[in-house]
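Hi everyone, thanks for coming along. I'd like to walk you through a protein that will be new to most of you, so please have a look at the screen.

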Amino acid sequence: MGTWKSRGLRGSTLEDMINHSNECYREKHLALIQKVPTPITPITIDKQSRHITLAYFDQKSTVDYIGAVQGIPVCFDAKECAANTFPLQNVHEHQIRFMQEFERQGGVAFIILHFTARDEIYYMPFADLFRFWKRMEEGGRKSVTYEEIDKSYQIFPHRDILVHYLVMLQKDLDSREA
């Protein structure tokens with residue numbers, strides 16, 4: 001799966017790879033997805049350069065990415081984990097609520113999950129994420145194991161698109177119609 005390593009992007013983060021993929025999608029007129037800026041509150045600003053020198057992250061951001069794919073509203077978050085388990089504490093309750101409301105409005109929400117040690121990337125439909133979230137809320141496991149991930153949703157690169165998630169988005173849409 002490590003195709004992008006030969007393209008000089010070794011060491012790139014998942015976010016960098018997704019940003020590159022989104023740019024390819026935009027150029028090909030397949031999708032328009034934008035990175036949602038992380039909201040910050042400036043504390044100190046250098047008056048001469050007018051640069052923020054000290055700030056803190058605001059707690060409540062929604063998701064990492066939002067946009068449209070061929071007229072379908074989509075939102076998703078990008079997550080990485082080094083171990084074979086994905087801690088659900090890495091997803092915040094306000095993000096779950098936002099994704100839930102987004103889906104109620106006819107959009108599609110999901111996460112892109114990179115198991116860095118395995119160098120495998122998966123699309124997790126919101127329905128799966130929500131099932132794991134409910135299990136945690138009901139006193140069950142507070143993480144998702146690698147074994148629990150639906151391997152049929154693995155994302156592979158395609159030519160210059162490093163994280164070609166549109167294939168899995170279509171699979172998700174098809175499963176909703178079934």
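I'll start with the overall picture, then go through the sheet, the helices, the cores and a few single residues.

One thing to keep in mind is that this is a predicted model. The protein has 178 residues, and 39% of them are buried. Its secondary structure adds up to 4 helices and 10 strands. If you read from the N terminus, the order of elements is α-β-β-β-β-β-β-α-β-β-α-β-β-α. The accessible surface is about 10100 Å², and carbon and sulfur atoms account for 51% of it. As for how the chain meets itself, take the contacts between residues at least 6 apart in sequence: 65% of these join residues at least 24 apart.

Now, the sheet. Which order do its strands follow? This open sheet has 6 strands, arranged β1-β4-β5-β7-β8-β10, and the pairing is mixed. At the edges sit β1, residues 31–35, and β10, residues 154–155, each with a pairing partner on one side only.

Let's walk across from β1. Strands β1 and β4 are antiparallel, with 5 bridges between them, and one position to look for is Q34, whose bridge partner in β4 is I66. Next, β4 and β5 also run antiparallel, joined by 5 bridges. Here we meet I66 again, this time opposite C75 in β5. The hairpin of β4 and β5 has 2 residues between the strands, and Q70 in that hairpin takes a positive phi near 50°. Further along, β7 (residues 108–115) and β8 (residues 120–125) form an antiparallel pair over 6 bridges. In that pair, F115 faces E120 of β8.

What about the helices? Helix α2, residues 93–104, packs on the sheet and touches β4, β5 and β7. The direction of α2 makes about 155° with that of β5. Then there is helix α4, residues 166–177, which lies across β4, β5, β7, β8 and β10. Relative to β7, α4 runs at about 135°.

Let me stop at one residue of α2, namely F98. Is F98 buried, exposed or partly exposed? With a relative accessibility of 23%, F98 counts as partly exposed, because the buried class ends at 20% and the exposed class begins over 50%. Leaving out residues up to four places away in sequence, F98 touches T62, V63, I66 and C75. So two residues from our sheet walk, I66 and C75, turn up again among the contacts of F98. V63 is 35 residues away from F98 in sequence, yet their C-alpha atoms are 8.0 Å apart.

On to the inside of the protein. The largest nonpolar core has 27 residues, and those touching the most other members are F110, I112, V163, Y165 and L169. Elements that each supply at least two residues of this core are α1, β1, β4, β5, β7, β8 and α4. The largest share, 5 residues, comes from α1. To see one member up close, pick I112: beyond its neighbours up to four places away, I112 touches residues including L14, I18, F76, I121, I155, V163 and Y165. There is also a second, separate core of 23 residues, and V63, I96, F102 and I149 are among them.

Two more residues before I finish. H114 is located in strand β7. Its relative accessibility is 5%, so H114 counts as buried. Which side chain makes a polar contact with that of H114? The partner is E80, at 3.3 Å. Other residues that H114 touches, again leaving out those up to four places away, include L14, M17, K79 and I121. The C-alpha atoms of H114 and A78 are separated by 8.0 Å, with their positions 36 residues apart along the chain.

Finally, S143 lies in strand β9, residues 143–145. S143 has a relative accessibility of 12% and therefore counts as buried. Its side chain makes a polar contact of 3.2 Å with the side chain of R141. Beyond its neighbours within four places, S143 is in contact with T85, F86, P87, L88, R135 and E148.

That's my tour, and I'm happy to take questions.

Key. Residues are numbered from 1 along each chain as its sequence is written. This is a predicted model: local features need pLDDT of at least 70, side-chain atom pairs count only at pLDDT 80 or more; totals for chains, interfaces and linings use all residues. Side-chain values use heavy atoms; hydrogens and water are left out. Two strands pair if DSSP finds at least two bridges between them. Contact means heavy atoms within 4.5 Å. Axes are lines fitted to C-alpha atoms, for helices over the stretch in contact, and angles run from 0 to 180 degrees between N-to-C directions. Buried means under 20% relative accessible area, exposed over 50%, partly exposed in between (1.4 Å probe, protein chains only). Accessible areas come from the Shrake-Rupley method with a 1.4 Å probe; for residues, only the protein chains shown count as cover. A nonpolar core is a set of buried Ala, Val, Leu, Ile, Met, Phe, Trp, Tyr and Cys residues joined through side-chain atoms within 4.5 Å. A polar contact is a pair of N or O atoms within 3.5 Å; within protein, one must be able to donate a hydrogen and the other to accept it, and residues adjacent in sequence count only if both atoms are side-chain atoms.
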